Amino acid sequence: MRFAYTKGLHELGNGCFAWLQPDGGWGFSNAGLVTDAGASLLVDTLFDLALTREMLDAMRRATPAAERIGTLVNTHANGDHCYGNSLVRDAEIIASQATAEEMGDVPPAVMEQLLANAEQLGPAGAFFRRVFGAFDFRGIEPVLPTRTFARELTLAVGDKTVKLLEVGPAHTRGDVLVHSVEDRIVFTGDILFIEGTPIVWEGPVANWIRACQGIEAMDVDVVVPGHGPISDRGGARRVREYLEFVQGAARERFAAGLSARDAAHDIDLGAYADWRDPERIAVNVETVYRELRGGGDPANPLELFGRMAELAR
(Lines give C-alpha, C1' and ligand atoms only; values in the text may rest on other atoms or scores of the structure.)
Protein backbone atom coordinates (compact mmCIF):
# COMPACT_ATOMS: atom_id res chain seq x y z
CA MET A 1 0.00 0.00 0.00
CA ARG A 2 1.56 3.29 -1.12
CA PHE A 3 0.59 6.84 -0.22
CA ALA A 4 1.71 10.03 -1.94
CA TYR A 5 3.97 12.21 0.17
CA THR A 6 2.10 15.47 -0.24
CA LYS A 7 1.03 18.05 2.31
CA GLY A 8 -2.37 17.54 3.85
CA LEU A 9 -4.79 14.88 4.97
CA HIS A 10 -4.45 11.35 3.65
CA GLU A 11 -7.18 8.75 4.15
CA LEU A 12 -5.73 5.45 5.36
CA GLY A 13 -9.04 3.58 5.26
CA ASN A 14 -11.65 2.50 7.81
CA GLY A 15 -11.94 5.96 9.37
CA CYS A 16 -8.21 6.58 9.86
CA PHE A 17 -6.21 9.51 8.52
CA ALA A 18 -2.67 10.86 8.49
CA TRP A 19 -1.70 14.53 8.25
CA LEU A 20 1.63 14.90 6.44
CA GLN A 21 3.97 17.91 6.23
CA PRO A 22 6.71 17.53 3.60
CA ASP A 23 9.64 17.75 3.60
CA GLY A 24 9.52 16.32 7.11
CA GLY A 25 12.54 18.30 8.27
CA TRP A 26 12.93 20.29 11.47
CA GLY A 27 9.46 21.00 12.93
CA PHE A 28 7.47 19.68 9.99
CA SER A 29 5.86 16.74 11.75
CA ASN A 30 3.03 14.34 10.98
CA ALA A 31 -0.14 13.66 12.96
CA GLY A 32 -2.99 11.16 12.80
CA LEU A 33 -6.68 10.62 13.41
CA VAL A 34 -8.53 7.42 14.37
CA THR A 35 -12.34 7.47 14.23
CA ASP A 36 -15.18 5.02 14.74
CA ALA A 37 -18.91 5.34 15.44
CA GLY A 38 -18.61 9.10 15.90
CA ALA A 39 -15.68 8.87 18.34
CA SER A 40 -12.25 10.31 17.54
CA LEU A 41 -8.67 10.12 18.74
CA LEU A 42 -6.11 12.63 17.49
CA VAL A 43 -2.44 11.67 17.48
CA ASP A 44 -0.40 14.84 18.16
CA THR A 45 -0.86 18.49 17.37
CA LEU A 46 1.61 20.63 15.41
CA PHE A 47 4.33 23.23 16.04
CA ASP A 48 2.21 26.37 15.99
CA LEU A 49 -1.44 27.40 16.08
CA ALA A 50 -1.81 28.22 12.39
CA LEU A 51 -0.52 24.82 11.31
CA THR A 52 -2.67 23.00 13.86
CA ARG A 53 -5.78 24.99 12.91
CA GLU A 54 -5.24 24.16 9.22
CA MET A 55 -4.98 20.46 10.07
CA LEU A 56 -8.07 20.43 12.29
CA ASP A 57 -10.12 22.25 9.65
CA ALA A 58 -9.17 19.64 7.06
CA MET A 59 -10.07 16.82 9.44
CA ARG A 60 -13.50 18.37 10.13
CA ARG A 61 -14.18 18.60 6.42
CA ALA A 62 -13.22 14.95 6.01
CA THR A 63 -15.28 13.38 8.79
CA PRO A 64 -18.03 14.47 11.22
CA ALA A 65 -16.17 12.58 13.96
CA ALA A 66 -13.53 15.33 13.97
CA GLU A 67 -16.01 18.06 14.87
CA ARG A 68 -15.26 17.32 18.49
CA ILE A 69 -12.00 15.55 19.24
CA GLY A 70 -12.64 13.23 22.16
CA THR A 71 -9.08 12.17 22.89
CA LEU A 72 -5.68 13.62 22.05
CA VAL A 73 -2.52 11.57 22.51
CA ASN A 74 0.82 13.41 22.56
CA THR A 75 3.46 10.91 21.51
CA HIS A 76 6.25 12.91 23.15
CA ALA A 77 7.20 16.32 24.53
CA ASN A 78 8.77 18.07 21.53
CA GLY A 79 6.80 21.17 20.59
CA ASP A 80 6.12 20.09 17.02
CA HIS A 81 3.91 17.37 18.51
CA CYS A 82 2.15 19.31 21.28
CA TYR A 83 2.30 23.12 20.91
CA GLY A 84 -1.14 23.11 19.25
CA ASN A 85 -2.83 21.41 22.22
CA SER A 86 -4.79 24.52 23.21
CA LEU A 87 -6.92 24.14 20.07
CA VAL A 88 -8.28 20.81 21.34
CA ARG A 89 -8.22 21.62 25.03
CA ASP A 90 -11.72 20.16 25.55
CA ALA A 91 -10.41 16.70 24.68
CA GLU A 92 -8.97 14.27 27.18
CA ILE A 93 -5.23 14.76 26.59
CA ILE A 94 -3.12 11.67 27.26
CA ALA A 95 0.65 11.22 27.38
CA SER A 96 3.16 9.12 29.24
CA GLN A 97 4.07 10.45 32.68
CA ALA A 98 7.63 11.06 31.49
CA THR A 99 6.34 13.12 28.55
CA ALA A 100 4.08 15.21 30.78
CA GLU A 101 7.04 15.98 33.05
CA GLU A 102 9.25 16.93 30.10
CA MET A 103 6.73 19.23 28.39
CA GLY A 104 7.61 22.16 30.62
CA ASP A 105 11.31 22.08 29.72
CA VAL A 106 11.02 24.06 26.48
CA PRO A 107 7.75 26.03 26.44
CA PRO A 108 6.78 28.04 23.33
CA ALA A 109 7.92 31.29 24.95
CA VAL A 110 11.48 29.94 25.09
CA MET A 111 11.41 29.15 21.37
CA GLU A 112 10.05 32.63 20.67
CA GLN A 113 12.83 34.21 22.74
CA LEU A 114 15.56 32.14 21.12
CA LEU A 115 14.40 33.18 17.67
CA ALA A 116 14.25 36.83 18.72
CA ASN A 117 17.82 36.67 20.06
CA ALA A 118 19.26 34.34 17.41
CA GLU A 119 21.68 36.96 16.06
CA GLN A 120 23.37 37.16 19.46
CA LEU A 121 24.02 33.42 19.58
CA GLY A 122 26.52 33.17 16.74
CA PRO A 123 26.52 30.21 14.33
CA ALA A 124 24.25 28.19 16.65
CA GLY A 125 21.68 30.98 16.58
CA ALA A 126 21.87 31.32 12.82
CA PHE A 127 21.28 27.59 12.42
CA PHE A 128 18.43 27.70 14.95
CA ARG A 129 16.76 30.49 12.99
CA ARG A 130 17.26 28.66 9.69
CA VAL A 131 15.51 25.51 10.90
CA PHE A 132 12.80 27.06 13.10
CA GLY A 133 12.23 30.50 11.57
CA ALA A 134 9.19 29.35 9.59
CA PHE A 135 7.13 28.81 12.75
CA ASP A 136 5.21 31.35 14.82
CA PHE A 137 5.52 30.70 18.56
CA ARG A 138 3.75 33.88 19.64
CA GLY A 139 0.65 33.55 21.78
CA ILE A 140 0.84 29.79 22.25
CA GLU A 141 -0.58 28.72 25.60
CA PRO A 142 0.93 25.43 26.78
CA VAL A 143 -1.77 22.86 27.57
CA LEU A 144 -0.55 19.79 29.44
CA PRO A 145 -2.00 16.27 29.52
CA THR A 146 -5.02 15.61 31.70
CA ARG A 147 -4.22 11.90 31.99
CA THR A 148 -0.91 10.10 32.15
CA PHE A 149 0.23 6.49 32.16
CA ALA A 150 3.35 4.34 32.27
CA ARG A 151 4.33 1.52 29.92
CA GLU A 152 0.93 0.66 28.35
CA LEU A 153 -2.63 1.90 28.17
CA THR A 154 -5.55 0.46 26.17
CA LEU A 155 -8.26 2.81 24.92
CA ALA A 156 -11.53 2.36 23.03
CA VAL A 157 -12.39 4.59 20.06
CA GLY A 158 -15.91 3.51 19.24
CA ASP A 159 -15.54 -0.24 18.80
CA LYS A 160 -11.84 -0.01 17.97
CA THR A 161 -8.99 -0.93 20.29
CA VAL A 162 -6.11 1.55 20.45
CA LYS A 163 -3.03 0.61 22.44
CA LEU A 164 -0.57 3.21 23.72
CA LEU A 165 2.89 1.70 24.17
CA GLU A 166 5.58 3.66 25.98
CA VAL A 167 8.94 2.80 24.41
CA GLY A 168 11.02 5.71 25.73
CA PRO A 169 13.35 6.99 26.85
CA ALA A 170 14.72 7.08 23.32
CA HIS A 171 14.17 10.17 21.16
CA THR A 172 12.80 11.87 24.30
CA ARG A 173 12.11 10.69 27.85
CA GLY A 174 8.67 9.20 27.28
CA ASP A 175 8.10 8.28 23.62
CA VAL A 176 4.79 6.52 22.87
CA LEU A 177 3.54 4.43 19.95
CA VAL A 178 -0.19 4.58 19.09
CA HIS A 179 -1.39 1.24 17.69
CA SER A 180 -4.88 1.07 16.20
CA VAL A 181 -5.19 -2.68 16.43
CA GLU A 182 -8.10 -3.55 14.12
CA ASP A 183 -6.91 -1.02 11.54
CA ARG A 184 -3.39 -2.56 11.49
CA ILE A 185 -1.92 0.95 11.72
CA VAL A 186 0.71 2.34 14.08
CA PHE A 187 1.51 6.03 14.57
CA THR A 188 5.07 6.12 15.83
CA GLY A 189 5.77 9.72 16.79
CA ASP A 190 9.47 10.44 16.42
CA ILE A 191 10.59 6.88 16.99
CA LEU A 192 10.56 6.87 13.18
CA PHE A 193 11.93 9.50 10.82
CA ILE A 194 11.48 8.18 7.29
CA GLU A 195 14.00 9.43 4.70
CA GLY A 196 15.27 11.79 7.40
CA THR A 197 17.92 11.52 10.08
CA PRO A 198 16.69 10.55 13.57
CA ILE A 199 17.94 12.69 16.46
CA VAL A 200 18.69 11.01 19.77
CA TRP A 201 18.11 13.77 22.31
CA GLU A 202 17.66 11.42 25.25
CA GLY A 203 18.72 7.84 24.61
CA PRO A 204 19.86 5.27 25.39
CA VAL A 205 20.27 4.28 21.77
CA ALA A 206 19.66 0.64 22.70
CA ASN A 207 16.13 1.54 23.84
CA TRP A 208 15.41 3.15 20.48
CA ILE A 209 16.75 0.11 18.67
CA ARG A 210 14.43 -2.11 20.73
CA ALA A 211 11.51 0.19 19.90
CA CYS A 212 12.23 -0.23 16.19
CA GLN A 213 12.44 -4.00 16.62
CA GLY A 214 9.04 -3.87 18.31
CA ILE A 215 7.53 -2.08 15.33
CA GLU A 216 9.17 -4.56 12.97
CA ALA A 217 7.40 -7.37 14.87
CA MET A 218 3.97 -5.67 14.93
CA ASP A 219 0.99 -7.01 13.03
CA VAL A 220 0.54 -3.78 11.04
CA ASP A 221 0.37 -2.81 7.38
CA VAL A 222 0.66 0.99 7.67
CA VAL A 223 3.30 2.87 9.67
CA VAL A 224 2.84 6.62 10.07
CA PRO A 225 6.14 8.17 11.23
CA GLY A 226 6.63 11.36 13.19
CA HIS A 227 8.37 12.86 10.14
CA GLY A 228 8.51 11.80 6.51
CA PRO A 229 6.34 9.71 4.20
CA ILE A 230 4.02 6.91 5.29
CA SER A 231 5.86 3.61 5.42
CA ASP A 232 5.56 0.00 6.50
CA ARG A 233 7.57 -2.11 8.93
CA GLY A 234 10.55 -1.81 6.60
CA GLY A 235 10.83 1.83 7.63
CA ALA A 236 11.48 0.72 11.21
CA ARG A 237 14.19 -1.62 10.01
CA ARG A 238 15.96 1.19 8.15
CA VAL A 239 15.89 3.48 11.20
CA ARG A 240 17.19 0.64 13.37
CA GLU A 241 20.05 0.02 10.95
CA TYR A 242 21.00 3.72 11.05
CA LEU A 243 21.04 3.72 14.84
CA GLU A 244 23.13 0.54 14.93
CA PHE A 245 25.56 2.13 12.46
CA VAL A 246 25.92 5.30 14.53
CA GLN A 247 26.28 3.34 17.75
CA GLY A 248 29.10 1.23 16.30
CA ALA A 249 30.90 4.12 14.60
CA ALA A 250 30.77 6.27 17.73
CA ARG A 251 32.05 3.45 19.93
CA GLU A 252 35.06 2.97 17.66
CA ARG A 253 35.97 6.65 17.81
CA PHE A 254 35.38 6.85 21.56
CA ALA A 255 37.83 3.96 22.01
CA ALA A 256 40.31 5.77 19.75
CA GLY A 257 40.15 8.87 21.96
CA LEU A 258 38.36 11.26 19.58
CA SER A 259 36.11 13.91 21.05
CA ALA A 260 32.39 13.67 20.27
CA ARG A 261 32.71 16.72 18.04
CA ASP A 262 35.64 15.29 16.08
CA ALA A 263 33.96 11.90 15.83
CA ALA A 264 30.86 13.46 14.24
CA HIS A 265 33.07 15.10 11.60
CA ASP A 266 35.03 11.89 11.06
CA ILE A 267 32.13 9.49 10.48
CA ASP A 268 31.38 8.80 6.81
CA LEU A 269 27.59 8.52 6.66
CA GLY A 270 27.69 6.58 3.41
CA ALA A 271 24.17 5.61 2.34
CA TYR A 272 22.72 7.78 5.10
CA ALA A 273 24.33 10.99 3.83
CA ASP A 274 21.34 11.55 1.53
CA TRP A 275 18.84 11.48 4.38
CA ARG A 276 17.46 14.89 5.39
CA ASP A 277 19.28 16.73 8.17
CA PRO A 278 22.44 14.59 8.31
CA GLU A 279 24.01 17.16 10.69
CA ARG A 280 22.05 15.47 13.49
CA ILE A 281 24.92 12.99 13.67
CA ALA A 282 26.51 15.54 16.05
CA VAL A 283 23.76 15.04 18.63
CA ASN A 284 23.60 11.30 18.09
CA VAL A 285 27.33 10.81 18.66
CA GLU A 286 27.21 13.00 21.77
CA THR A 287 24.42 10.80 23.19
CA VAL A 288 26.38 7.60 22.53
CA TYR A 289 29.46 9.18 24.16
CA ARG A 290 27.40 10.15 27.20
CA GLU A 291 26.31 6.52 27.53
CA LEU A 292 29.88 5.28 27.16
CA ARG A 293 31.03 7.71 29.86
CA GLY A 294 28.47 6.17 32.18
CA GLY A 295 25.93 8.97 32.13
CA GLY A 296 26.12 12.56 33.25
CA ASP A 297 24.30 15.66 32.16
CA PRO A 298 23.56 16.14 28.44
CA ALA A 299 25.61 18.70 26.52
CA ASN A 300 24.30 22.25 26.40
CA PRO A 301 21.68 22.42 23.61
CA LEU A 302 23.21 25.60 22.16
CA GLU A 303 26.56 23.85 21.95
CA LEU A 304 24.91 20.98 20.09
CA PHE A 305 23.22 23.40 17.69
CA GLY A 306 26.64 24.94 17.13
CA ARG A 307 28.10 21.54 16.25
CA MET A 308 25.22 20.85 13.88
CA ALA A 309 25.73 24.27 12.31
CA GLU A 310 29.35 23.34 11.54
CA LEU A 311 28.28 20.14 9.79
CA ALA A 312 25.37 21.79 7.98
CA ARG A 313 27.75 24.27 6.36
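Two strands pair if DSSP finds at least two bridges between them. Helices (H or I, at least four residues) and strands (E, at least two) are DSSP runs, numbered from the N terminus. The model is predicted: local features need pLDDT of at least 70, side-chain atom pairs count only at pLDDT 80 or more, and totals for chains, interfaces and linings use all residues. Residues are numbered from 1 along each chain as its sequence is written, and side-chain values use heavy atoms, with hydrogens and water left out.

**Exercise 1. Determine the bridge partner of Val-178 in β11 and the direction of the strands concerned.**

Solution. Step one: strand β10 (residues 176-180) is joined to strand β11 (residues 185-187) by 3 bridges, and the two run antiparallel. Step two: Val-178 has Phe-187 as its bridge partner in β11. Step three: the surrounding open sheet has 5 strands in the order β8-β9-β10-β11-β12, with mixed pairing. Its edge strands, each pairing on one side only, are β8 (152-157) and β12 (222-224). Direction ignored, neighbouring strands of this sheet are turned by 20 degrees against each other on average.

**Exercise 2. Describe the sheet of 7 strands and the helix that lies across β1, β2, β3 and β4.**

Solution. Step one: the order in this open sheet is β1-β2-β3-β4-β5-β6-β7, and the pairing is mixed. At its edges, β1 (8-13) and β7 (147-149) each pair on one side only. Step two: strands β4 (residues 39-43) and β5 (residues 71-73) run parallel and are joined by 3 bridges; Val-73 in β5 is the bridge partner of Val-43. Step three: helix α1 (residues 49-62) lies across β1, β2 (16-20), β3 (31-36) and β4, and runs at about 150 degrees to β2. Axes are lines fitted to C-alpha atoms, for helices over the stretch in contact, and angles run from 0 to 180 degrees between N-to-C directions.

**Exercise 3. Classify Thr-71 as buried or exposed, and list its contacts.**

Solution. Step one: buried means under 20% relative accessible area, exposed over 50%, and partly exposed in between (1.4 Å probe, protein chains only). Step two: Thr-71, in strand β5, has a relative accessible area of 15% and is therefore buried. Step three: contact means heavy atoms within 4.5 Å. Leaving aside neighbours within four places in sequence, Thr-71 is in contact with Ser-40, Leu-41, Leu-42, Ala-91, Glu-92, Ile-94 and Leu-155.

**Exercise 4. Place Ile-215 in its surroundings.**

Solution. Step one: Ile-215 belongs to helix α5 (residues 205-216). Step two: its relative accessibility is 0%, so Ile-215 counts as buried. Step three: not counting residues up to four places away in sequence, Ile-215 touches Leu-177, Val-186, Thr-188, Ile-191, Leu-192, Val-223, Arg-233 and Ala-236. Step four: Gly-235 is 20 residues from Ile-215 in sequence, and their C-alpha atoms are 9.2 Å apart.

**Exercise 5. State how many disulfides the structure holds, and classify Cys-82 and Cys-212 by accessibility.**

Solution. Step one: with a disulfide defined as a pair of cysteine sulfur atoms within 2.5 Å, the structure holds 0 disulfides. Step two: Cys-82 counts as buried because its relative accessibility is 8%. Step three: Cys-212, at 0% relative accessibility, counts as buried.
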